[in-house]
Amino acid sequence: MIDACRFEPLGGEEDLQGVLEVEGESFTNPWTREMYAWELQNRAVCHIYVARATDCPVAGFCAFWLVFDEIHINNIALRRKYRGQGMGTALMRHVLREATRLGAHRATLEVRASNEPARRLYERLGFHVAGTRRNYYSNPVEDALILWRDETS
Ligand SMILES: CC(C)(COP(=O)(O)OP(=O)(O)OC[C@H]1O[C@@H](n2cnc3c(N)ncnc32)[C@H](O)[C@@H]1OP(=O)(O)O)[C@@H](O)C(=O)NCCC(=O)NCCS
């Protein structure tokens with residue numbers, strides 16, 4: 001499965017539709033088409049990579065902002081059937097490599113405190129907890145952990 005998947009920058013409308021479907025099955029407050037349309041007006045800052053499986057053109061995606069030498073990872077998600085098989089780790093490794101190529105030296109993101117799969121993925125890739133935002137998430141209300149990764153870690 002993972003050997004066969006590949007990662008590419010977001011293409012056209014079909015890719016965006018796939019991203020919206022993944023959002024819908026992954027998050028209680030999914031980003032909307034309008035939010036993505038706004039984001040995509042600035043492709044110098046907003047970067048989106050899609051994960052393509054042999055049987056699915058958009059099995060998952062990762063969206064981040066590149067600001068100076070930092071990336072802020074806004075969303076990473078896979079369709080349910082592709083989770084727990086290493087694809088999220090492979091996608092995140094790809095994004096970190098691309099970010100380095102684009103000149104980034106550090107990466108940050110927020111994660112729900114209870115999101116074990118995501119936290120394990122990030123911690124294994126060298127992210128560490130740098131702080132907490134109380135009640136940052138809604139539906140359900142929950143703290144966010146703020147994670148950072150330096151290129152040397
Ligand atoms: C988070 C997500 C992208 C991870 O991708 P993935 O392909 O499922 O993860 P991987 O298979 O690469 O595994 C990453 C780690 O999570 C662990 N993991 C995977 N599924 C798990 C589960 N259901 N429960 C607990 N741990 C799990 C793996 O064991 C691995 O940890 P390890 O290396 O210590 O063994 C994916 O699960 C997902 O789309 N989740 C829903 C959306 C989401 O929560 N996004 C993150 C927002 S911050």
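Let me start with glycine 86, which is partly exposed, because 14 other C-beta atoms lie within 10 Å of its own. For that term the rule is this: a residue is buried if 20 or more other C-beta atoms, placed from the backbone, lie within 10 Å of its own, exposed if 12 or fewer, and partly exposed in between. Glycine 86 sits in the loop between β4 and α3, and its C-alpha atom is separated by 9.2 Å from that of leucine 121, although the two residues are 35 apart along the chain.

Before going on, I should say that this is a predicted model, in which local features need pLDDT of at least 70, side-chain atom pairs count only at pLDDT 80 or more, and totals for chains, interfaces and linings use all residues. Residues are numbered from 1 along each chain as its sequence is written.

Now the overall picture. The chain has four helices and seven strands, where helices (H or I, at least four residues) and strands (E, at least two) are DSSP runs numbered from the N terminus. Read from that end, the order of the elements is β-α-α-β-β-β-α-β-α-β-β. The radius of gyration, taken over C-alpha atoms, is 15 Å, and this agrees with the value near 15 Å that a compact globule of 153 residues would have, the rule for the globule being 2.2 Å times the number of residues to the power 0.38. Along its principal axes, the C-alpha trace spans about 40 × 35 × 35 Å, and buried residues make up 25% of the 153.

Let us turn to helix α3, which runs from 87 to 101. This helix has 15 residues and reaches 21 Å from its first C-alpha to its last, close to the 21 Å expected at 1.5 Å a residue, where the expected span is 1.5 Å times one less than the number of residues. Which residues of α3 are buried? They are Met87, Gly88, Leu91, Met92, Val95, Leu96 and Ala99. It helps to recall that an α-helix has 3.6 residues a turn, so residues three or four places apart point the same way. The buried residues of α3 are covered by elements that include β1, β2, β3, β4, β5 and α4. Threonine 100, also in α3, counts as partly exposed because it has 13 C-beta neighbours inside 10 Å. After the helix comes glycine 103, whose phi is positive, near 105 degrees.

Two residues of this helix, Leu91 and Val95, are among those with the most contacts inside the largest nonpolar core, together with Ala51, Phe61 and Cys62. That core has 33 residues, and by a nonpolar core I mean a set of buried Ala, Val, Leu, Ile, Met, Phe, Trp, Tyr and Cys residues joined through C-beta atoms within 7 Å. Two or more residues of the core come from each of α1, β2, β3, β4, α3, β5 and β7. Setting aside neighbours within four places in sequence, alanine 51 is in contact (C-beta atoms, placed from the backbone, within 7 Å) with residues including Cys5, Phe7, Leu78, Met87 and Leu91.

Valine 111, in strand β5, is buried, because 22 other C-beta atoms lie within 10 Å. Beyond its neighbours within four places in sequence, valine 111 is in contact with Ala118, Arg119, Tyr122, Ala144, Leu145 and Leu147.

What about the surroundings of the ligand? Of the 19 residues around the ligand, Arg83, Gly88, Thr89, Pro117 and Arg120 come nearest, a residue being near if its C-beta atom, placed from the backbone, lies within 6 Å. Which element gives the most to this shell? The answer is α4, with six residues, while β4, α3 and α4 each supply at least two.

I will finish with two loops. In the loop between β6 and β7, a cis peptide bond joins asparagine 139 and proline 140, with omega about 0 degrees. Asparagine 139 has a phi near 55 degrees, a positive value in a residue other than glycine, and counts as exposed because it has 8 C-beta neighbours inside 10 Å. In the loop between β3 and β4, phenylalanine 68 likewise has a positive phi, near 50 degrees, and with 9 C-beta neighbours inside 10 Å phenylalanine 68 counts as exposed.

Terms used: Two residues are in contact if their C-beta atoms, placed from the backbone, lie within 7 Å.
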